[in-house]
Structure formats: C-alpha cells, structure tokens
Amino acid sequence: MNEPNCHIMTLEDPVERRIDGISQFQVNAEAGLTFVAGLRAALRQDAQKILLGEIRDRETAEMAVRIALTGHALFSTLHTEDTVSAIFRMIEMGVPPYLLAATLSGVIAQRLVRRVCPHCCEEYEISRDAREAMQLGDLYHEGMRLTRGRGCAHCHGSGYRGRMAIHEVLPITERMRAAILGAGDQASLRAAAAADHVETLWQDGVAKALAGETTLAEVGRALYG
C-alpha cells in the first residue's frame, strides 16, 4: 500500500508511530484541526489513500463516506462489538444507507487474546459435561483434547505468554448491500453475513483454541468479559 508514487495521509489522535513516506497529522480540536477539517485538507492536498483515526460523530462519518464516493481509498476505525455492529453504528449516526452501500468495501473486527505459554503448555482431555464441551457445542466429540498452560516462571504463573489477534472479516457482497439498503437493522445484516459464511470472532477464536494457540476461556474473556 505504501508505494513511492502514492500520496498517503493519516489523521490521528495522537500519532503513535512515525512512518516514512506518509504524511501524518495529529488532530487538535483546540487549534481547529478536527477530523473533519483534516479530511478537507486531505482532499486539497490530493491524498490518494487516507487513514482516519476514528469515526466519532455524524459529521465525520458523512464526510468520510462522501470522500470515499470520490474514489479515494479511506480507512478508519469504530468502537463496536463486531463487523455488523460497525455497519449499524454508521447507519445510527445518520449516514444514508444508499451512500454506505455504495462506498463500503469491507469491515474487519479484531480482539487481542493471550497465547498459551509455549514453555508450560500441556494437552488435556475434556469430558462431555465440561464447560469447554458446552462452549464447543456440535464441535465437541469424545476424546477431544485442548491445550492450556500450567503456569511457570516464563509466564509468571499465568499460563499465557504473548498475545495474538482473532479476526472477523466481512466483505460487502451484493447480498450485504441489499441488506444495508433494505431494513438496515441488525437482524437482517446478521442474516446476510451468515448467508455469506462470514466467520465470527467467536468462531475464529474457537479455531485458534482448537489449534492450541489460545484457550476457550481466554476467547470468552476477550469477547464477553
């Protein structure tokens, strides 16, 4: 993405890391440099790709969508539970569904989970009445084994060392565009995502737990508290 002939501009609050070859600006509301003002400046400077640190209000959301309509590649973040919630949040902010359907390419949700400590990891068999079996549902089978950390000096007794991300990737297909243009409620959006076989955060977390990278307890903690 960061190519020599491509003008990339970021609007951040704050700028957390300087990146060579990219124009980075820190938002400063007191000085009049809001996210919206920064987006207008990005257009004047002919930025081809724009990273907007966060969409916090209706004005910023509408400006971001209108910039995307002009053909600019725009990336941003929202604080929501998952991918479908991000779409619904934009609609709740007042972005017209027809504009959102025309400009949105995809949504990615992620959470950080702790990795099982490689120094003290062990496999264990789960019984049918164990909590993990209930969490796995139809995926459970007799003799299934999962991985956990016993706790050691390397992980300070926690059983975890390091972190990794679990993801949910929602491409905006024709089915999803129709759902956005239609009722625009969470139920119809989730039905469209399920029909498109979108793997949820929980499903990705379960897959990583089954692979021995993390635990079901850790995935549940990250997603549901």
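This passage describes the overall make-up of one predicted chain, followed by its charged pairs, selected residues and backbone geometry.

The structure is a predicted model, in which local features require pLDDT of at least 70 and side-chain atom pairs count only at pLDDT 80 or more, while totals for chains, interfaces and linings use all residues. Residues are numbered from 1 along each chain as its sequence is written, and side-chain values use heavy atoms, with hydrogens and water left out.

The chain contains nine helices and eight strands; these are DSSP runs numbered from the N terminus, helices being H or I runs of at least four residues and strands being E runs of at least two. The C-alpha trace spans about 60 × 45 × 35 Å along its principal axes. Of the 225 residues in the chain, 41% are buried, where buried denotes a relative accessible area under 20%, exposed one over 50%, and partly exposed a value in between (1.4 Å probe, protein chains only). The accessible surface of the chain amounts to about 12700 Å², of which carbon and sulfur atoms supply 49%; areas were obtained by the Shrake-Rupley method with a 1.4 Å probe, and for residues only the protein chains shown count as cover. Among contacts (heavy atoms within 4.5 Å) with a separation of 6 or more, 65% involve residues 24 or more positions apart.

The chain carries 24 positive and 29 negative charges, and the mean positions of the two sets lie 3 Å apart. In this count Lys and Arg are positive and Asp and Glu negative, with His and the chain ends not counted; each charge is placed at NZ of Lys, CZ of Arg, CG of Asp or CD of Glu. The structure holds 15 salt bridges, a salt bridge being a side-chain nitrogen of Lys or Arg within 4 Å of a carboxyl oxygen of Asp or Glu.

One of these salt bridges pairs Arg128 with Glu142 at 3.1 Å, N to O. This pair links distant parts of the chain, 14 residues apart: Arg128 lies in the loop between S6 and helix H5 (131-136), and Glu142 in the loop between H5 and S7. Both partners are exposed, with relative accessible areas of 54% for Arg128 and 53% for Glu142. Elsewhere, salt bridges that share partners join Asp13, Glu54 and Arg56 into one network. Within this network, the side chains of Glu54 and Arg56 meet at 3.2 Å, N to O. Glu54 is buried, with a relative accessible area of 17%, whereas Arg56 is partly exposed at 41%.

A further salt bridge connects Glu125 and Arg145, whose closest N and O atoms are 3.9 Å apart. This pair also links distant parts of the chain, with Glu125 in strand S6 (residues 121-125) and Arg145 in strand S7 (residues 145-149), 20 residues apart. Arg145 is partly exposed, with a relative accessible area of 43%.

Thr83 belongs to helix H3 (residues 83-92) and counts as buried because its relative accessibility is 1%. Its side chain makes a polar contact of 2.4 Å with that of Glu168. A polar contact is a pair of N or O atoms within 3.5 Å; within protein, one atom must be able to donate a hydrogen and the other to accept it, and residues adjacent in sequence count only if both atoms are side-chain atoms. Leaving aside residues up to four places away in sequence, Thr83 touches Val107, Ile108, Ala109, Glu168 and Leu170.

Asp185 occupies the loop between helix H6 (174-181) and helix H7 (186-195) and is partly exposed, with a relative accessible area of 27%. The side chain of Asp185 reaches the backbone nitrogen of Ala187 at 3.1 Å. Asp185 and His154 are 31 residues apart in sequence, and their C-alpha atoms are 47 Å apart in space.

Most residues other than glycine have a negative phi, and most peptide bonds are trans. The peptide bond from Asp13 to Pro14, however, is cis, with omega near 0°; Pro14 lies in the loop between strand S1 (8-12) and strand S2 (23-26). Positive phi values occur at His156, at about 55°, and at His197, near 60°. His156 is located in the loop between S7 and strand S8 (160-171) and is exposed, with a relative accessible area of 76%. His197 lies in the loop between H7 and helix H8 (201-210) and is likewise exposed, at 72%.
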